[in-house]
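Trainee: Can we go through this one together? I'd like to start with a single residue and work outwards.

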Amino acid sequence: MRVKIIGSAAGGGFPQWNCNYRLSRAARAGISGVHSRTQSCIAASADGAGWVLFNASPDIRQQIAQTPELQPAADAPLRSTPIRAVVLTNADVDHIAGLLSLRERQPFAIYATAQVLATLEANSIFNVLDPAIVPRRLLAPMEDLAIRDADGHETGVVVDAFPVPGKIALYLEQRGDPSADFSSDTGDTIGVRIAGTGSRGAVFYIPGCARVDASLRTRVADAACLLFDGTVYTDDEMIIAGVGQKTGARMGHIAMSGEAGSIAGLADVKIGRRIFVHVNNTNPVLDENSAEHAAVKAAGWEVAGDGMEMEF
């Protein structure tokens, strides 16, 4: 099984198009140790030929252009793709908007929870992906599911989806009620365990998570690799940076640091590689020369970059 991180940033990418915060300026200036990143997406393959995407970011065209494995083979038909399926972990714009770039009547399958499928169904623009060509399939929680292509052939990738603490997508919030609680533990946001057919090792992909609870700790124990929500380093960093009024928790994302953060919450859980993904443009770990980046490394974590690959 091969897994490639083809997009490691949070929504908006890094640098974000309209962001003039110091980190985005450093990335545009080409400062050493500060690297640009596209929006959250990974790809997995059991045979190196067919690939399953996990989320479809707005940067999907650029990500395919930067990833030869996701491009048509030289001897393939004039219209073709090695992308066999797309698995969605929630309905956030940075995870579903890329589906619109995959229109062109090319067969692949979409897998998502009932909540996310309902969101796609409610937005007619997604009908540019004709369900007769791009079937939409239920990703039932808490059971192993062999991912199949549009024609029903197994890809060799097996997924176990499970709900994690999160929130509904931003555009689904009731904006007239600023005090409303938009958190959700019932499948609006999921994590996935990714394995190959008959494989003993597994990668967990959890790009959005609001807190680490006992259930999550138990589930990821003994993982070969954990790709986990690294949106913010401190809960109030966007406020301190002056670029927003929301905390990480309000956005449905746990902070890396602090007593209630993910580093502390997972410190004594046996995990192989620990890699932060979905990193926001305000997160100081994006600067490899920062004290925060050093603290993350000292705690046994890595910070994902586009193109990072692992085999298990």
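Trainee: Is aspartate 144 buried or exposed?

Mentor: This is a predicted model, and in it aspartate 144 has a relative accessible area of 52%. The cut-off for exposed is over 50%, so aspartate 144 counts as exposed.

Trainee: Which strand is aspartate 144 found in?

Mentor: Strand β7, which covers residues 144-148.

Trainee: And what does aspartate 144 touch, not counting residues up to four places away in sequence?

Mentor: Val158, Val159 and Asp160. Take valine 159: 15 residues separate it from aspartate 144 along the chain, yet the two C-alpha atoms are 5.6 Å apart.

Trainee: New topic. Which residues touch the most other members in the largest nonpolar core?

Mentor: Ile206, Leu216, Val220, Leu226, Phe228, Val296 and Trp301, out of 33 residues in that core. Several elements give two or more residues to this core, among them α1 (22-29), α5 (214-220) and β13 (223-229).

Trainee: Is there another core apart from that one? What is in it?

Mentor: Another core lies apart from it and has 29 residues, including Tyr111, Val157, Tyr205 and Val277. As background, nonpolar side chains in soluble globular proteins tend to be buried together.

Trainee: Back to leucine 226. What is it in contact with, leaving aside neighbours within four places in sequence?

Mentor: Leucine 226 is in contact with Phe204, Ile206, Val220, Leu266, Ile271, Arg273, Arg274, Ile275 and Trp301.

Trainee: Trp301 keeps turning up. Which rings does it form a cluster with?

Mentor: Phe228 and Phe276, linked with Trp301 through ring pairs. The structure's count of aromatic pairs is three.

Trainee: What about empty space? How many cavities of 30 Å³ or more are there?

Mentor: One. The largest cavity holds about 60 Å³ of space. It is lined by 11 residues, and Asn90, Asp92, Lys167, Thr189 and Met251 are the closest to its centre.

Trainee: How does that lining divide into nonpolar, polar and charged?

Mentor: Three nonpolar, six polar and two charged.

Trainee: And how much space lies in the second largest pocket?

Mentor: About 390 Å³. Its lining has 19 residues, with Ile64, Ser80, Thr81, Ser101 and Leu102 closest to the centre.

Trainee: Which helix gives the largest share of that pocket's lining?

Mentor: Helix α2 (residues 60-65), with four residues. The lining of the second largest pocket divides into 10 nonpolar, five polar and four charged residues.

Definitions and conventions. Residues are numbered from 1 along each chain as its sequence is written. This is a predicted model: local features need pLDDT of at least 70, side-chain atom pairs count only at pLDDT 80 or more; totals for chains, interfaces and linings use all residues. Side-chain values use heavy atoms; hydrogens and water are left out. On a 1 Å grid over the protein atoms alone, a cavity is a set of points where a 1.4 Å probe fits but cannot get out, and a pocket is an open set with protein on both sides within 12 Å along at least five of seven lines; lining residues have an atom within 4 Å of a point. Grid points are joined across faces, edges and corners, and a volume is the space filled by probe spheres set on the points. Ala, Val, Leu, Ile, Met, Phe, Trp, Tyr, Cys and Pro count as nonpolar, Asp, Glu, Lys and Arg as charged, and the others, Gly among them, as polar. A nonpolar core is a set of buried Ala, Val, Leu, Ile, Met, Phe, Trp, Tyr and Cys residues joined through side-chain atoms within 4.5 Å. Buried means under 20% relative accessible area, exposed over 50%, partly exposed in between (1.4 Å probe, protein chains only). Contact means heavy atoms within 4.5 Å. Rings of Phe, Tyr and Trp (its six-membered ring) pair if their centres lie within 6.5 Å; planes under 30 degrees apart count as stacked, over 60 as edge-to-face and the rest as tilted.
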